[in-house]
Amino acid sequence: MSLLQVKNLVVEFPNRHGTLRALDDISFDIAPGEILGVVGESGAGKSLTGASIIGLLEPPGRVASGQIVLEGQRIDQLNADQMRHIRGRKIGAIFQDPLTSLNPLYTIGRQLTETILAHLPVTPQEARRRAIDLLKDTGISAAEERIDHYPHQFSGGMRQRVVIALALAAEPRLIVADEPTTALDVSIQAQIISLLKKVCKDRGAAVMLITHDMGVIAETCDRVAVMYAGRIAEIGPVHQVINHPSHPYTAGLMASIPDMDSDRERLNQIDGAMPRLNAIPSGCAFNPRCPQVFERCRQERPELGSAGGTRAACWLHQGVAS
Amino acid sequence: MSAPDFQAKPLVVAHDLAKTFDVSAPWLNRVLERKPRQLLHAVDGVSFEIPKGQTLALVGESGCGKSTVARLLVGLYEPTRGGLTFDGQDAHSAFKSPDAKAMRQRIQMIFQDPYASLNPRWTVEAIIAEPLTEHGLISDAAELKTRVASLLQSVGLSALDMPKYPHQFSGGQRQRISIARALATAPEFLVCDEPTSALDVSVQAQVLNIMKDLQRERGLTYLFISHNLAVVRHVSDRVGVMYLGRLVELADKHTLFANPRHPYTRMLLDAIPKMHDTGRARTPVQGEVPNPLNPPSGCSFHPRCPQATDLCKSERPPLRHFKGIQIACHGVV
């Protein structure tokens, strides 16, 4: 059984001009221990998907329809109090900027033990011991001393390690990591990614890894979902999506990334930009930028269907019957 | 000496550029708490040449001084030591002379964040026209409009965009507006400080393609600063790798990527995720960039270097010529 199921999720932002639909009919699931990558350009809705799962949608954003089911329990309709017990205990979160996700006024030890005590039935001494173990596991040397330091005494990479320790503190089954390495240098990025992979594997936690960096996805994830304009354009095993993409958007995205192995004079570019939420084209949202567009794409919206080794929302891969 | 190029004189020559910032505590604290003055050597003796029409890329992690080099080159900072020769002239004394504008026209800059570098209350027309009027290049209003329109077209935007404001554009379009602004004075040398790192990949490809097209059409010379080695490999002719304010390796692009010699360069190359090799774990680099206020003795990379010896801990290796490249490493030379 899957750990997390997202079914036909719709997130809307009502405003005075009408209602903006930021996520439109998103469905996917995550198996226990699996790493699912969510990739897309800014504004595609990937962070919003993560925020809906952890229950941290900023008002006026709201889940308009659809379900989020964690271990058989619906979590999209819980109130703030109930959600607080899920968040941290069952779902851990890692955000992009480690400095803003840590409280600068508390030592990291206090923040870690607070989280452990809030969710697990342990004594304060036991919580502190666990906190030290977590810091050791996340590769912080001299953890016994550093536990009493404040966030500003840590470097960027070290802070992100603390944030990972914090996310793992109550032994959640799922970690939602939203751009965990974007604020870090490349050499540190590699350290953090391999750490995240290792600690989640050791604990059997599943990860939803949200990033715009295809390279990070390629080396980390089991499966990947490519998002475009609030919808999933393609989802499938990572090597299939990267090496044999079915959706023209995925193909264009892959080709526009400068890579280390080929010498091209020009990069392939996808002309135009992602549409704004108030001007999503009818039919397939990608149709104005798509090199393989045909009449049906402008009229009917494609749903996810099997296409080669992946599932893609594209009329190219779906039969004439509808 | 530099690239295998038959041009006798490079357009841009930086010699021993250095910038030191005084980051001392306030005077009273220094007196009462007996704290010494603290100096941050952001850039410490960087020398390079860029032949006309070529691109030199500077790469390195945050805090290595690459943006400071950019700001030194356009005259936003005064160098503490060393200088810049541009087309045979001393650029920094030209920046101070009465005809500084003549030099500034020829060197322009593109900034990293297209959201912060355009004035939100100005129309696109005003933004691009400003350098033209400021430098007194065009005074006739109709001619100014035509010129702005043609600049917008050269970066793939339209003349109809002139009355719009920056918020009406996406990130990639804004970056193209800042390229159009930088091109307004018909500069010969463009300093680009992370011009695409705030952009999405598909848009990054658009901007990089435009930059390459413009270079081919106008013979522009670029200094391209980036932390993304794949982008650097795509745009540059030569690459300089910086670490804690110094160049550690400077080589032709193909040589550097095919045969990186400095352990830091190798480490950076290893750290790049490989796209088509899914599931392959990178060998994570150990350690982090040290605090630049208190850099390690000898070679500043030695605490992270797998091949460090006692010599590396005590003596700083100078940047030396070696088999057609320049490198600062005791282990190689």
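**Exercise 1. Which residues does B:Ile210 touch, not counting residues up to four places away in sequence?**

Solution. B:Ile210 touches B:Val155, B:Gly156, B:Arg176 and B:Ile179, where touching, or contact, means C-beta atoms, placed from the backbone, within 7 Å. Before going on, some ground rules: this is a predicted model, where local features need pLDDT of at least 70, side-chain atom pairs count only at pLDDT 80 or more, and totals for chains, interfaces and linings use all residues. Residues are numbered from 1 along each chain as its sequence is written, and chains are lettered from A and ligands numbered from 1 in the order in which they are written.

Next, place the residue: B:Ile210 sits in helix α8 of chain B (helices are DSSP runs of H or I, at least four residues, numbered from the N terminus).

**Exercise 2. Is B:Ile210 buried, partly exposed or exposed?**

Solution. Start with the cut-offs: buried takes 20 or more other C-beta atoms within 10 Å of the residue's own, exposed takes 12 or fewer, and partly exposed is in between. B:Ile210 has 19 such atoms, so B:Ile210 is partly exposed.

Now look along the helix. The buried residues of α8(B) are B:Val201, B:Ser202, B:Val203, B:Gln204, B:Ala205, B:Gln206, B:Val207, B:Leu208 and B:Met211. Their cover includes α11 (248-256) of chain A, along with α7 (171-183) and α9 of chain B.

**Exercise 3. Check the span of α8(B) against what 1.5 Å a residue predicts.**

Solution. The expected span is 1.5 Å times one less than the number of residues. For the 18 residues of α8(B) that comes to 26 Å, and the end C-alpha atoms are 25 Å apart, which agrees. Just after the helix comes B:Gly219, with a positive phi near 65 degrees.

**Exercise 4. Which helix of chain B gives the most to the side that touches chain A?**

Solution. First the totals: 34 residues of chain B are in contact with 35 residues of chain A. Then the helices: α8 (201-218), α9 (229-235) and α11 (263-270) of chain B each supply at least two residues of that side. α8(B) gives the most, with eight residues. Sort the chain B side by class and you get 15 nonpolar, eleven polar and eight charged residues. Here Ala, Val, Leu, Ile, Met, Phe, Trp, Tyr, Cys and Pro count as nonpolar, Asp, Glu, Lys and Arg as charged, and the others, Gly among them, as polar.

**Exercise 5. How does α4(A) lie against α7(A)?**

Solution. Get the geometry: the two axes come within 9 Å and cross at roughly 20 degrees. (Axes are lines fitted to C-alpha atoms, for helices over the stretch in contact, and angles run from 0 to 180 degrees between N-to-C directions.) That makes α4(A) roughly parallel to α7(A), given that angles under 35 degrees count as roughly parallel, over 145 as roughly antiparallel, 65 to 115 as roughly perpendicular and the rest as oblique.

Now the residues. From α4(A), A:Ile108, A:Gln111, A:Leu112 and A:Thr115 meet A:Val162, A:Ala165 and A:Leu166 in α7(A). This contact has five nonpolar, two polar and no charged residues.

**Exercise 6. And how does α4(A) lie against α5(A)?**

Solution. Here the axes are 9 Å apart and the angle is about 120 degrees. That makes α4(A) oblique to α5(A). By class, the contact has seven nonpolar, two polar and two charged residues.

Note on methods: Contact = placed C-beta atoms within 7 Å.
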